[in-house]
Amino acid sequence: MVIPPKNRDSLKSRLELIKPHFIVQEFVSKRVYDLLGDYAILLIDRGIIETVVAVREFFQCPVVINTWKNYGAIDGRGYRDLKENTGSTGSMHRKGGALDFVVQGISSRIVRETIIANRHLFPHVTRMEDKVEWVHIDNKFTEKVDIELFQP
Ligand SMILES: [Zn+2]
């Protein structure tokens with residue numbers, strides 16, 4: 001008899017992971033959410049979701065990703081679908097391997113430096129954009145041990 005591996009990455013477990021701090025709508029555009037509902041969270045890499053939750057808990061300050069659901073117009077900071085024109089065609093946002101966010105009350109430069117200085121707490125991040133007013137994290141493969149900083 002084959003015993004199936006325990007499913008540690010179910011939709012339910014992802015929703016429970018984000019629930020204290022985020023809603024699914026922050027990770028995708030309205031177009032994607034209207035199509036998929038909460039299943040849309042499956043479009044984002046699990047490690048990247050774990051990272052933004054860890055950032056929220058590390059800084060103990062609200063972390064803002066997409067705002068279209070609540071009060072704003074921002075909808076391209078998470079998963080970008082095929083019709084989305086923002087960003088490059090090869091962007092990790094199109095693969096669900098990237099998120100942009102701001103930590104309320106803390107400059108993005110400080111957040112970047114803190115993530116780098118505490119890299120062991122954020123093991124899924126391989127790259128961040130440098131010198132931008134938001135924090136971009138992604139998991140694109142690099143040859144480096146350290147987090148790679150790149151210009152958008
Ligand atoms: Zn980005």
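This passage walks through the sheet, the helices packed around it and the nonpolar core of a predicted model.

The sheet is a handy place to start. Strands of a sheet pair through backbone hydrogen bonds, and they can do so in a parallel or an antiparallel way. Here, 5 strands make up an open sheet, lined up in the order β1-β2-β4-β3-β5, and the pairing is mixed. At the edges sit β1 (63-64) and β5 (148-150), each of which pairs on one side only.

Going across the sheet from the β1 edge, β1 and β2 pair in the antiparallel sense over 2 bridges, and V63 stands opposite V103 in β2. Next along, β2 and β4 run antiparallel and are joined by 4 bridges; here A98 is found opposite D138 in β4. Over at the β5 edge, the pairing is parallel: 3 bridges link β3 (residues 127-129) with β5. In that pair, M128 has L149 of β5 standing opposite.

Helices pack on this sheet too. Helix α4 (residues 108-117) touches β2, β3 and β4, and its direction makes about 30° with that of β4. Helix α3 (residues 46-59), for its part, lies across β1, β2 (98-103) and β4 (135-138), and runs at about 10° to β2. As for β2, this strand is mostly covered, with 5 of its 6 residues buried.

What about helix against helix? Two packed helices are described by the angle between their axes and the distance between the axes. For helix α1 (residues 11-18) and α3, the axes come within 10 Å and cross at roughly 20°. Angles under 35 degrees count as roughly parallel, so α1 is roughly parallel to α3. The crossing of these two helices, α1 and α3, is left-handed. On the α1 side, R14, L17 and I18 do the meeting, and their partners in α3 are I49, E50 and V53.

That leaves the inside of the model. The largest nonpolar core has 29 residues, and the ones touching the most other members are F27, V28, A40, I48, V52, L99 and I137. Several elements chip in: α2 (30-36), α3, β2, α4 and β4 each supply at least two residues of this core. Take V28 as an example. Leaving aside neighbours within four places in sequence, V28 is in contact with Y33, A40, L43, G78 and Y79. One of these contacts, A40, is itself among the core residues that touch the most other members.

Technical notes
Residues numbered from 1 in each chain as written. Predicted model: local features only at pLDDT ≥ 70, side-chain atom pairs only at ≥ 80, totals over all residues. Pairing = 2+ DSSP bridges. Contact = placed C-beta atoms within 7 Å. Axes fitted to C-alpha atoms, helices over the stretch in contact; angles between N-to-C directions. Buried ≥ 20, exposed ≤ 12 C-beta atoms within 10 Å, placed from the backbone. Core = buried A, V, L, I, M, F, W, Y, C linked by C-beta atoms within 7 Å. Parallel < 35°, antiparallel > 145°, perpendicular 65-115°, else oblique. Left-handed = near helix turned anticlockwise from the far one by under 90°.
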